[in-house]
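The following exercises are to be worked through with the structure in view. Each task is followed by a solution in steps.

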Amino acid sequence: SSKIRNPEVQSANDVAGLEDCIDFSLGKTIRKIEEKLEKGGSPDCLDNDDIFPSIGNEMGAEAQIRLLKAKLRVMQEELDSVVCECRKKDDENQNLKSRLKDMEEENTRLQRTISMQRSQTEKYKMLSQEANKKSEVLQQEVIALEKVLQ
């Protein structure tokens, strides 16, 4: 297993997923270690300097068990904290996904509205140009009729 030297800077590969811990039981692990110690054996993990400092070899079995249990409780609390934080992040992620979907739908709706308004603007520009042409023709007719009347 990989050591996490700095808990603030860790990659996703360093974090065990919840699926990895489904069959993991703290009670079973503690009982296995206690059984090995009672039989006079030494569990593999007790030789690891990461678990016990150099003074750990001078400690009795009961003291080692108490130390392991304390470390196990701390690790369980940390795991619970990380799981809780992970759930919060998942909830936040779901909320943001929902907001993103709503924003995308709103964007699509607004794009359609803009497209319709542009086509209406073009239509009204053409109608305006036609009306201006008719107005110019009618003004020229008025001028011509006024000349005829004079």
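The model is predicted.

**Exercise 1.** Determine how many helices and strands the protein chain has, and what share of contacts joins residues at least 24 apart.

Solution. The protein chain has 2 helices and 0 strands. Next, consider contacts between residues at least 6 apart in sequence: 35% of these join residues at least 24 apart.

**Exercise 2.** Compare the expected span of helix H2 with the distance between its end C-alpha atoms.

Solution. Helix H2 covers residues 61-149, which is 89 residues. The expected span is 1.5 Å times one less than the number of residues, so H2 should span 132 Å. The end C-alpha atoms of H2 are 127 Å apart, which agrees with the expected value.

**Exercise 3.** State what percentage of the protein chain is buried, and name the buried residues of H2.

Solution. A residue counts as buried under 20% relative accessible area. Of the 150 residues in the protein chain, 8% are buried. Within H2, the buried residues are Gln64, Ile65, Leu68, Leu72 and Val83. As for the surface, the protein chain exposes about 13,400 Å², and carbon and sulfur atoms supply 52% of that area.

**Exercise 4.** Explain why Cys84 forms no disulfide, and classify Cys84 and Cys86 by accessibility.

Solution. A disulfide requires cysteine sulfur atoms within 2.5 Å. The closest cysteine sulfur to that of Cys84 is in Cys86, 9.9 Å away, which is too far for a bond. The structure holds 0 disulfides. Cys84 is partly exposed, at 38% relative accessible area; Cys86 is also partly exposed, at 40%.

Conventions. Residues are numbered from 1 along each chain as its sequence is written. This is a predicted model: local features need pLDDT of at least 70, side-chain atom pairs count only at pLDDT 80 or more; totals for chains, interfaces and linings use all residues. Side-chain values use heavy atoms; hydrogens and water are left out. Helices (H or I, at least four residues) and strands (E, at least two) are DSSP runs, numbered from the N terminus. Buried means under 20% relative accessible area, exposed over 50%, partly exposed in between (1.4 Å probe, protein chains only). Contact means heavy atoms within 4.5 Å. Accessible areas come from the Shrake-Rupley method with a 1.4 Å probe; for residues, only the protein chains shown count as cover.
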